[in-house]
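I opened a fresh page to keep track of what I looked up in this structure. Here is the sequence with its model, and my entries come after.

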Amino acid sequence: MPLPPRPGAGPARRFRLPRSRALRYVVLGSAVGLTAAVATGPARSVAGPAPVNVEQAAATQLLQRPLGTAFGQRSQAEADLGDGTTLAAWELKDGVKEFHLTAAPLTWETEPGRTKQALAFNGRLPGPVIRVNQGDKVRIVVKNDMPKPTAVHWHGMELPNDQDGVPMLTQPDIEPGQSFTYEWTAVSTGTHWYHSHEDGDQEGRGLYGALEVVPTLGDIPAERDFRIMTGDGALGFVFNAKSYPATTSLAAKVGERVHIRLIGTGPEMFHAIHIHGGYFTVVAQDGRPLAVPQQMDTLTVGVGQTYDLIWVPVRPGKWMIHCHVFSHSEVSMGMTGMVTIADVHPATVPLPGIPGVTESQPHN
Ligand SMILES: [Cu+2]
């Protein structure tokens, strides 16, 4: 005899995948597909940055759609990714996705009232997120509008030696006022990054950005797609080149799969990144999927490393994400530096309860 439907039971997931992608992520899904539990009380009011618009999921929708010539796309405009970073613009030329990066000095406010002499690609810190599909031919024209020479390394890419971006080894310096054109095919999939390889100071002042290669079978499925790039150079202790409270809060809802791309840009230190409110699952390191995803609550990211985390928040509220080395995230006055907030709102749809854990199922 069939069981009657449970009151309040409804679809916990709106996300649908083609069968092939769904099969590919069975292991991943079982590792992180937690049944959501929810809090019964209102979120505690705490001081912090301005609230973000949780409905603003357009950035992730943009990233979850195919970005490629096979789908007729000829260009990409810059877009806000909702985490303090910007998707890079590109234009298709002769079958190659062409990007432009101009490096120049910039006075940058890391937090209200504190400015630093930064270096920026296209007037942004971090540099724009270069995101392409596996197999894409990529061209990046780098112009140096700084008073010192530079070169850009494509960290994690498998590419021809003369495109590797190491000055005085694989190419001459890009002198002030000059340009250099890099060209390679996107082979290495996953989360990577690019950065000045001239010296650690250029990188520490902001000359870096995320470099994401979407696998042919699709990206790690998630309702939210965020980046946290740690920095500890001339800008101080920063997430995405900002110190708390100027860091961008990450908006999500209970039960959503929140993908966080953690990138250690250094240039000097390791950071123990901790998310309050529950475990996350590490699904990839340096762009390579882990054979066995691993649950953690604190992950140490070294200089140059990348990790892909999936976190499913189970209770609404303002959840702290920070470096657990307290001199990087706290002063006597309170939180500073490497801190951001996961601003988690109630679920959109009713979610099944967990016996002994939750009874009510708030949603909006
Ligand atoms: Cu730290």
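My entries go from the whole chain to the cores, the rings, one histidine and a few backbone details.

**Entry 1: the whole chain**

I started by noting that this is a predicted model. I then asked how many helices and strands the protein has. I found four helices and 25 strands. Next I looked up burial, and of the 364 residues in the protein, 51% are buried. For contacts with a separation of 6 or more, I read that 72% are between residues 24 or more positions apart. I also noted an accessible surface of about 16200 Å², with 56% of that area belonging to carbon and sulfur atoms.

**Entry 2: the cores**

Which residues have the most contacts inside the largest nonpolar core? I wrote down Ile130, Ile140, Trp154 and Trp184, in a core of 26 residues. I then checked which strands supply at least two residues each to this core, and the list runs to strand 4 (90-93), strand 5 (96-111), strand 6 (114-121), strand 7 (130-133), strand 8 (137-144), strand 9 (152-155), strand 10 (179-185) and strand 12 (208-214). Another core lies apart from this one; it has 25 residues, and I noted Phe226, Phe239, Ile275 and Met338 among them.

I went back to Ile130 and listed its contacts, leaving aside neighbours within four places in sequence. Ile130 is in contact with Ala88, Phe99, Leu101, Ile140, Trp154, Tyr194, Ala210, Leu211 and Glu212. I was pleased to meet Ile140 and Trp154 again here, as both are also listed for the most contacts inside the core.

**Entry 3: the rings**

I searched the whole structure for aromatic pairs and got five. I looked up Trp154 and Tyr194: their ring centres are 5.6 Å apart and their planes meet at 40°, so I entered the pair as tilted. This pair links distant parts of the chain, with Trp154 in strand 9 and Tyr194 in strand 11 (residues 190-196), 40 residues apart. Both Trp154 and Tyr194 are buried.

Then I turned to Phe180 and Tyr182. Their ring centres are 4.7 Å apart and the planes are at 55°, so this pair is tilted too. Are the two partners buried or partly exposed? Phe180 has a relative accessible area of 21%, so I put it down as partly exposed. Tyr182 is at 0% and therefore counts as buried.

I then looked at how the rings group. Phe121, Trp154, Phe180, Tyr182, Trp184 and Tyr194 form one aromatic cluster, and that takes in both of the pairs above.

One more ring went into the notebook: Trp108 has the charged end of Lys242 sitting over it, 4.5 Å from the ring centre.

**Entry 4: His274**

Where is His274 found? I placed it in strand 17 (residues 271-275). His274 has a relative accessible area of 14%, so I marked it buried. A polar atom of the His274 side chain lies 2.7 Å from the backbone oxygen of Asp297. Not counting residues up to four places away in sequence, His274 touches Asp297, Thr298, Met320, Ile321, His322 and His324. Asp297 thus turns up here as well as in the 2.7 Å pairing.

**Entry 5: backbone details**

I keep in mind that most residues other than glycine have a negative phi, and that most peptide bonds are trans. With that in mind, I looked for exceptions.

I found a cis peptide bond joining Leu125 and Pro126, with omega at about -15°. Pro126 is in the loop between strand 6 and strand 7. Another cis peptide bond joins Gly266 and Pro267, with omega at about 20°. Pro267 sits in the loop between strand 16 (258-264) and strand 17.

For phi, I noted Met168, where the value is positive and near 70°. Met168 lies in the loop between strand 9 and strand 10, and at 65% relative accessibility it counts as exposed. Ala241 also has a positive phi near 70°. Ala241 is in the loop between strand 14 (238-239) and strand 15 (250-253), and with a relative accessible area of 0% it is buried.

**Entry 6: Val349**

I finished with Val349, in the segment after strand 25 (339-345). Val349 is partly exposed, at 21% relative accessibility. Its C-alpha is 9.3 Å from that of Gly255, and 94 residues separate the two in sequence.

Definitions and conventions
Residues are numbered from 1 along each chain as its sequence is written. This is a predicted model: local features need pLDDT of at least 70, side-chain atom pairs count only at pLDDT 80 or more; totals for chains, interfaces and linings use all residues. Side-chain values use heavy atoms; hydrogens and water are left out. A nonpolar core is a set of buried Ala, Val, Leu, Ile, Met, Phe, Trp, Tyr and Cys residues joined through side-chain atoms within 4.5 Å. Buried means under 20% relative accessible area, exposed over 50%, partly exposed in between (1.4 Å probe, protein chains only). Contact means heavy atoms within 4.5 Å. Rings of Phe, Tyr and Trp (its six-membered ring) pair if their centres lie within 6.5 Å; planes under 30 degrees apart count as stacked, over 60 as edge-to-face and the rest as tilted. A charge sits over a ring if NZ of Lys or CZ of Arg is within 6 Å of the ring centre and within 35 degrees of the ring normal. A polar contact is a pair of N or O atoms within 3.5 Å; within protein, one must be able to donate a hydrogen and the other to accept it, and residues adjacent in sequence count only if both atoms are side-chain atoms. Accessible areas come from the Shrake-Rupley method with a 1.4 Å probe; for residues, only the protein chains shown count as cover.
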